[in-house]
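Visitor: I'd like a tour of this one, please. Could you take me through it by question and answer?

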There are 2 protein chains.
Amino acid sequence: MKEQSRFGFMREVFEIGPGYNIGIVGATGIIGRTLLSVLHRRKFPVGELHIYASPESEGKWIETPYGQMGVEKLNTRKPPHHDLVFLAAGSSVARTWGWRFARRGVVVIDKSAYFRDKSYAPLIVPEVNPDYIDVNTMIIANPNCTTIPLVTVIAPLHREYGLKNLTVVTFQSVSGAGRGGIVALTNELESNDEQPSAFKHRIANNVIPWIGEGYKGSSGEELKMIRETRRILNLPRLPVRVTAVRVPVVVGHSIAVHAQFRRSVTVSEVRKILMESPGVELVDDPEAGKYPMPLDAAGQDDVLVGRIRRDRGRQGLALWISADNLRKGAATNAVQIAEIVVSKRFNPPSPLSG
Amino acid sequence: MKEQSRFGFMREVFEIGPGYNIGIVGATGIIGRTLLSVLHRRKFPVGELHIYASPESEGKWIETPYGQMGVEKLNTRKPPHHDLVFLAAGSSVARTWGWRFARRGVVVIDKSAYFRDKSYAPLIVPEVNPDYIDVNTMIIANPNCTTIPLVTVIAPLHREYGLKNLTVVTFQSVSGAGRGGIVALTNELESNDEQPSAFKHRIANNVIPWIGEGYKGSSGEELKMIRETRRILNLPRLPVRVTAVRVPVVVGHSIAVHAQFRRSVTVSEVRKILMESPGVELVDDPEAGKYPMPLDAAGQDDVLVGRIRRDRGRQGLALWISADNLRKGAATNAVQIAEIVVSKRFNPPSPLSG
């Protein structure tokens with residue numbers, strides 16, 4: 001069905017079937033595109049779909065799993081109505097649009113860092129703390145793309161053994177910096193000329209131990225991981241030591257974890273716990289060449305975990321994580337959150353059914 | 001000067017000038033070549049030079065900073081005489097040739113892991129423990145290419161603050177696996193076809209969290225770092241937690257270090273200590289884009305250190321290291337050892353001069 005849009009061009013109204021009216025802001029970006037594909041693949045009940053992006057993209061048509069779609073304009077004076085909107089853009093878009101949508105009754109799921117420290121916006125990893133979403137929640141924050149896989153793996157171990165401290169070192173792919181990161185690495189691999197890039201230094205054939213703006217010697221990425229891990233695990237004083245590093249990998253963040261717990265851990269028990277944990281896939285037979293790697297994690301929803309070993313003392317544990325930073329680190333986590341919202345807000349269990 | 005060699009071909013006898021008679025076993029390998037260049041650049045007093053390699057290379061001529069040189073045969077029945085020989089080959093060559101040379105009075109400086117746990121062979125980083133070499137030392141072991149930069153940085157801090165424990169995560173370049181590692185990465189970047197490689201998995205666009213043969217869940221590389229760090233620092237029970245990871249970088253190993261000391265550390269004092277430490281270069285202004293990176297470390301003798309920051313508590317310290325694994329991680333360290341041998345063994349200070 002076509003109709004005259006209020007912006008003067010013909011637009012498709014995507015009435016896909018019975019389901020919810022969904023908006024995606026930042027739909028042309030790398031996470032926006034992944035969101036579209038994850039929504040489709042997980043058969044999320046999308047009834048009507050509207051996509052938005054930066055002004056340069058307005059009016060463009062893009063390929064989506066739901067067919068070709070036109071990028072609409074976000075009108076500040078009359079924000080569109082949706083049941084649920086995904087903000088897959090930066091903090092400034094979240095600041096501008098988050099409450100504008102929420103005030104109109106649109107549930108907002110934001111990927112940026114903007115709401116992550118706001119007490120009114122729960123910071124959610126669906127496998128870990130889904131209960132922080134309730135029927136009144138209007139804005140939900142997605143954690144950082146390294147924090148999500150970390151807590152997905154650590155939370156079930158914390159429940160069993162009581163986490164005492166964490167030391168983590170990350171190996172983060174260039175797609176964590178958006179499409180510009182991928183372009184930078186690709187260009188550098190093809191040519192040795194210095195070119196303007198998403199990164200301050202060459203990333204091809206290099207590693208860069210600094211991500212984001214810093215404060216007192218720690219990088220923004222490191223501070224995010226510390227704050228968000230504490231908030232999600234509800235351990236506000238947990239000692240977390242982090243070094244965050246960019247590596248020349250296109251997709252897939254990896255994390256070396258050295259943790260200490262309050263109770264003794266055994267490797268076989270840890271393996272059993274993780275095997276039974278949702279969203280986690282155990283890949284752990286290093287002598288046979290089996291351990292998580294970004295190449296294998298890319299394109300998967302699950303967080304891969306392996307290299308599980310005792311680490312100096314009965315309470316010490318080391319392990320290694322790889323996860324797709326665009327999927328579980330971003331889009332998949334957001335869609336899982338939307339699934340919880342739908343079940344709690346729009347399809348609440350009947351008071352009689354309990 | 002040419003003479004008929006005992007192997008039937010004409011060979012050059014490299015009488016370079018006043019100095020010592022030096023042999024290099026494994027001279028055609030990547031570390032052997034770097035050794036030749038470092039010897040030349042540091043103006044080591046090479047009098048006569050003989051180079052050896054695997055049987056396939058015998059009789060070949062290679063370019064060296066001392067001119068074209070022929071690769072000689074190592075004759076098991078009649079080991080050649082030298083003042084000093086560098087073994088830049090694997091453990092099996094060290095096992096076969098180490099004592100054969102040493103018994104003839106040739107001082108042996110070995111790069112392989114073979115002698116690193118032998119009590120008669122000191123394990124030397126010249127900035128850290130040169131005094132373990134004395135006039136009678138016949139075999140000297142070079143530590144692993146990640147252990148050398150780590151202890152070069154940590155030893156002066158340990159002297160000041162007393163090291164309590166170490167957590168390290170490495171980012172190791174493909175040249176750590178020899179020329180085959182470089183070939184693997186280069187081939188993979190040029191083609192997507194699966195090819196036999198120095199690594200068990202693709203390394204281009206990937207990271208591999210397993211280096212060497214393993215034991216009880218730890219990789220060989222991790223066990224080496226633990227054992228060698230303890231031996232060099234003379235802290236046999238030091239808690240050392242390690243994850244060793246291969247990254248798609250040609251030259252330059254990096255290390256994320258999270259350390260705890262017995263006494264309180266201050267960042268400004270740590271910077272001062274490291275600035276005055278031999279073999280260390282401080283690169284530490286992250287907000288201005290200045291931190292150690294493998295691209296900058298490659299081709300340098302010094303170990304780059306930066307990202308120095310307090311790490312949870314007064315005794316905690318985090319820092320980041322990059323060093324050229326072929327230079328300070330291997331060849332430079334070996335030549336520095338040779339310089340000590342020469343000064344102690346062949347030019348001992350006169351008993352009257354003291």
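**Salt bridges, domains and the chain interface**

Guide: Let's start with one pair: A:Asp301 forms a salt bridge with A:Arg42, with 3.8 Å between the closest N and O atoms. A salt bridge here is a side-chain nitrogen of Lys or Arg within 4 Å of a carboxyl oxygen of Asp or Glu. Before we go on, this is a predicted model, where local features need pLDDT of at least 70, side-chain atom pairs count only at pLDDT 80 or more, and totals for chains, interfaces and linings use all residues. Residues are numbered from 1 along each chain as its sequence is written, chains are lettered from A and ligands numbered from 1 in the order in which they are written, and side-chain values use heavy atoms, leaving out hydrogens and water.

Visitor: How many residues apart in sequence are the parts that A:Asp301 and A:Arg42 tie together?

Guide: A:Asp301 sits in the loop between H7 and S17 of chain A, and A:Arg42 in the loop between helix H1 (30-41) and strand S5 (46-52) of chain A. Helices (H or I, at least four residues) and strands (E, at least two) are DSSP runs, numbered from the N terminus. The pair therefore ties together parts whose separation in sequence is 259 residues.

Visitor: Is A:Asp301 buried or exposed?

Guide: The cut-offs are under 20% relative accessible area for buried and over 50% for exposed, with partly exposed in between (1.4 Å probe, protein chains only). A:Arg42 has 29% relative accessibility, so A:Arg42 counts as partly exposed. A:Asp301 has 17%, so A:Asp301 counts as buried.

Visitor: Which helix holds A:Glu339, which is paired with A:Arg42?

Guide: A:Glu339 and A:Arg42 meet through their side chains in a salt bridge of 2.9 Å, N to O. A:Glu339 is partly exposed, at 26% relative accessibility. The two are 297 residues apart, with A:Arg42 in the loop between H1 and S5 of chain A and A:Glu339 in helix H8 (residues 327-346).

Visitor: Which residues are linked with A:Arg42 in a network of salt bridges?

Guide: You've met two of the partners, A:Asp301 and A:Glu339. The network also takes in A:Arg41 and A:Arg327. So as not to lose track, the residues linked with A:Arg42 are A:Arg41, A:Asp301, A:Arg327 and A:Glu339.

Visitor: What area is buried between domain 1 and domain 2 of chain A?

Guide: Domain 1 covers 10-142 + 331-345 and domain 2 covers 147-173 + 207-325, with bounds from an automatic or database domain assignment. Their centres, taken over C-alpha atoms, are 27 Å apart, and the contact (heavy atoms within 4.5 Å) takes 19 residues from domain 1 and 13 residues from domain 2. Buried area is the accessible area (1.4 Å probe) that two parts lose on being put together, summed over both. Carbon and sulfur atoms give 57% of it here, and the area is about 1300 Å².

Visitor: Across the interface of those two domains, how many salt bridges does the rule find?

Guide: A:Glu228 and A:Arg116 form a salt bridge, their closest N and O atoms being 2.9 Å apart. In chain B, B:Arg116 and B:Glu228 also meet in a salt bridge, at 2.9 Å, and both of those chain B residues are buried. For the interface of domain 1 and domain 2 of chain A, the number of salt bridges is 3.

Visitor: Which residues touch the most other members of the largest nonpolar core?

Guide: A nonpolar core is a set of buried Ala, Val, Leu, Ile, Met, Phe, Trp, Tyr and Cys residues joined through side-chain atoms within 4.5 Å. The largest has 88 residues, and at least three come from each of domain 1 and domain 2 of chain A. The ones touching the most other members are A:Ile24, A:Phe86, A:Leu166 and A:Val257.

Visitor: And how many salt bridges cross the interface of chain A and chain B?

Guide: Contact there involves 53 residues of chain A and 53 residues of chain B, and the buried area is about 4400 Å². A:Asn205, A:Arg241 and A:Arg312 supply 14% of what chain A buries against chain B, more than any other three residues. A:Glu222 pairs with B:Arg307 in a salt bridge, with the closest N and O atoms 2.7 Å apart. Across this interface, the number of salt bridges is 6.
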